Structures are given as C-alpha cells and as structure tokens.
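Reader: I would like a close look at a single part of this protein. Please take one small sheet and walk me through its strands, then place it beside the cores and the surface.

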Amino acid sequence: MRWGVARSTVERVFKRHAAAGLGWPPDPALTDVELEQRLYQRAPHAGRARIQARPDYALVVRELGRKGVTRRLLWNEYRARHAQGIGYSVFCDELAAYAAERDLSYRHDHVPGEKAYFDFAGLTLRYADGDAVRPAQIFVAALGYCNAIHAQGFADQTATSWLQGQHQAFVAFGGVPQIGVPDNPRALIAAPDRYEPRLTAVHADFARHYGITIIPARVRKPKDKASVEGAVKIVEMRILAAARDRIFGSLDQLNAWLAEAVAALNAAPFQKRVGSRQAQLAQERPHLAPLPAQRFEVPTYLTRKVARDYHVDVHRQYYSVPYAAVGQTVEVRLTTAHVEVLQRDTRIALHRRAAPTQRFVTDPAHMPAHHQAFRDPKLHRRAAAIGPHTLALIEALFAQRRHPEQAIRSAQGVLALARDHGPAALETACTRALALQAIGYQSVRRLLTTPIVRDAHDAPPSPPRTHEHIRGGDYYDAQGRASAAGGRTPEAPSTPFTLEPHHVA
C-alpha cells in the first residue's frame, strides 16, 4: 500500500519518536494532540518572546462591509500603525477564524403552541371589482412547530387586513399560540425599535383580547421570522405562480380557490420529513389556547381633554372620568358597546355606551367628596319612579351645574312638575329636553306647555267638590226658573243664630 509520504519524512518521524522516548506500540491513552506535542516540541527560546499587537478583528469585519475596502488595505493600515505586527498571511488566517466563530447558525427548536408568524407575500393575484381589475394582497400565517400554513387574500395591507388575517389564521389553526411574530408594518408597529418596539393602540388591544404576546421581527432580520419566510416562498411557488395569469370573478371567489389550494398543501406529505402539516397540526392543536368567545372589534380612538366638570366629549355625549384627571389629555377607546378612557395606556374609566337620547353619563365614584355629598338619593329614586328619561335628565343636571346645590334645586323643580302635569307628561317632556339638549327646570316647564306634550297627555277632569257652603248647579237652575216666572228667588238655606245680651258695666 502506498501512502504518498516521502521516505525522508518517515525517517524524521522515527528519529523524533526515539528522541521523545516513546515506545511501540504507542500508549492508547495518549491522544493525537499530546502525541504531536511530544514529537514536535520546540526548544525553549533563550531570549524574551516578542508580543505582537493584534488587529481589532471586530472593527476589521465592520470595515470590510464598506464599499471598496479590502483585507490588503486594512492590513496595510494595521502595519502602518504597528511596524513589527503580524504578516499578511497570519492576518488572513486569524480573520477567517474570527469570522467563522461568529458565523454560526442557530437552530431553533420550536415548542408546540408557542409561536405563529405572519407576513404578506410579495406576489399578488388579480380579481374583478366591477369593471376594474385589482390586485389581491396575500396574507400568509405559519405555525412554528408544525409549519401549518394559512393564506387569505385582501384588498390592501391596512391594520384591519392584518388583524382580520390573524383572526382567520387562529380559526384555521383551531387556537391561539402564545407568541405572534409579525413583520414591521406601519399599520401595526408604531415605533419599530430594535430592542423595545411599540405597537399601535389597535394592535395592543388585539393582543390583549386574544391573550397573545406580540414580538415583531427586527428590521431587516428575516431570520427572526424564518418560518413564515419559508411559508411565503412555498405559497408563491406552489399556489400563486400557477394562477399568475388568472383573473378571479371576485375577492370571495379568489379566497375560496385559495382555501382549497392551501388545504391540499397542508395535507400533502413533507418532502424531507415524516407526515404532513395537517398531521402535525393535529398534534399541536391541544397546546394552543382557545379562541375568545367574542371576535375582536376594531375600535375607534379619540384624543380628548378632560373638562372642568370631569367629563369627556364623545360625539356630543359626555362620559365622566376621575376628577383628578381634569385638564389632562386622555385617549378614548370607542366600541359599539363600551366607552373606555385611557391615560398613558392605563384604563381610568369604563362606561357602557349610552342611548342617543342620553347626553351625560356620570359615575358617582368619579366625583369629589363634596360633590358626592350633594347627590340626594331620594331625588334619583323619585326620578327613576317617573321614568328613565327623567332620571337621565336629573343626572345631566348634576353633571352640568358648576355646584351640586344648583342641581339639587333644579332637580326639585323638575320633579315638582309631576304634581301639576302628571308623571307621563313629565317623562315625555324630559325625553324631548334630552333630545334638544335643553337641560334645566325652565326648559322642561316650557316643553310641558307645548302642544306635542300637552295634547299627548291631557289632564283628567277634576272630581266634583262638595261643601256645605257651595250651592251647586241645582240652586242656580231653580233661581233661573223663578226669575222667568216672576216669582221670588228661593233663599239659600241659612243657619239660625241669636244675639247675646250686651251688658254695659
């Protein structure tokens, strides 16, 4: 057998072996590194070893990223500073070793139910919208553990499309993962900071609603969302490319076709793994959190300044906040059911949406102590007994007046109108007053005299009054007949009396 080693080299190795005092066969406990050190040990230098300054290889790597910069240029600059420095070959070897040590690839081991990744594909499909043909933006979601894919077409890439796509992905996957990793779209990320990115208000509300933690990928770091990058590539090559020249009749038709294609993709076996995405999803689904009972509703956000009466204006309706926030700027989160007031992302008030006829909504807990002291519970019980609009008007009185004592007197006047006009008429008048934003005693009193209220609630006839001094209609009828006959008018019955004798002293 020929080894391709020169005879002289073999003779030198035998001499080194004898000089090192090694026996044959070699000791099995002796490693290759130890054997090499004993065979090729160098004689100690008599003089002092020269310590050479090494380049800053971290700086060298950064400089190499600049256009036109080469290793030879950086080595020349290094030798200009250190004339006795290392040579160019050693410089290249040490630089390669430094780069190899930092160019290691991290293999992430995904945990079931931990992460889902979201992005929009670069390719688009086309659909007909009336006479126009529009591009459909394809939203893609992928689970990290099972690589199950969800895709859906949208007309745009707004926040509503992003959030609706994530919701539909959770429905398709059968649950909610612990962490969501989207890209850095302006529609969702208010401040794409490398270390502490800040979500938009609607995205933060979405995360709270579904109980998911949002960790956006870093800017220009595709490896942070490698799962969805791979999923986008698969969707583009296996699904979208086949329909690149097709024009769908509508966006719904496009999504129906896309859902069938994605279902077939998930059911297809892996090329390099055992099983399929659908089979792996069945194993991961028990680790996902259940979907919330209600779907997320995209709210409306308003910025308001708290007035002196500690209320904020929400489309001409006024909702109370803690009085300590007077004069401060707050954010109002508005849905169809609730009004939420936030201050520095902390909720300070929550109200149910009032009826359009109710102008003021006041929580007694938001009032200062001296205002709460004037809130007579009897007034509110009396108003509630008349009707809900009367109670709402009384609440509005307390919210409008600068001092509660003014509201008490006005409220007493409003409730007193029920004695003369009846509770039903007062309730109708209060309804009209709230609609007209005419809050006050005088306004309600004037409304009670208007035909629309008076005719709807005519006062019942007063019962006949009897008294011994009231003659009645029969007496005057008899008087009229006697006058016509020329006779004497009958006298009214009288009580006989006598005069007591008057004594003079």
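Author: Here is the sheet, strand by strand, followed by the cores and a surface patch.

The model is predicted: local features need pLDDT of at least 70, side-chain atom pairs count only at pLDDT 80 or more, and totals for chains, interfaces and linings use all residues. Residues are numbered from 1 along each chain as its sequence is written, and side-chain values use heavy atoms, with hydrogens and water left out.

The sheet is open and has three strands, in the order β10-β11-β15, with mixed pairing. β10 and β15 stand at the edges with a single partner strand each, so one side of each has no neighbour in the sheet. Strands are DSSP runs of E with at least two residues, helices are runs of H or I with at least four, and both are numbered from the N terminus. Two strands pair if DSSP finds at least two bridges between them.

Take β10 (residues 311-314) and β11 next. They run antiparallel, joined by four bridges. His311 has Ser320 of β11 as its bridge partner. Asp313 stands opposite Tyr318 in β11. Two residues lie between the strands of this hairpin, where His315 takes a positive phi near 55°.

On to β15 (residues 360-361). This strand runs parallel to β11, and two bridges join them. Tyr318 stands opposite Phe360 in β15.

Now the side chains of β11 (residues 317-320). Gln317 and Tyr319 point one way, Tyr318 and Ser320 the other. In a regular strand, side chains alternate between the two faces of the sheet. All four of these β11 residues are buried, meaning under 20% relative accessible area; exposed is over 50%, and partly exposed lies in between (1.4 Å probe, protein chains only).

Next, the cores. A nonpolar core is a set of buried Ala, Val, Leu, Ile, Met, Phe, Trp, Tyr and Cys residues joined through side-chain atoms within 4.5 Å. The largest has 29 residues, and Leu393, Ile394, Leu397, Val414, Leu426 and Val444 touch the most other members. α12 (377-386), α13 (388-400), α14 (404-421), α15 (423-436) and α16 (441-448) each supply at least two residues of this core. Leaving aside neighbours within four places in sequence, Ile394 is in contact (heavy atoms within 4.5 Å) with His380, Ala383, Ala411 and Val414. A second, separate core has 27 residues, including Ala141 and Phe170.

Last, Trp3. This residue lies in the segment before α1 (7-19). Trp3 counts as exposed because its relative accessibility is 70%.
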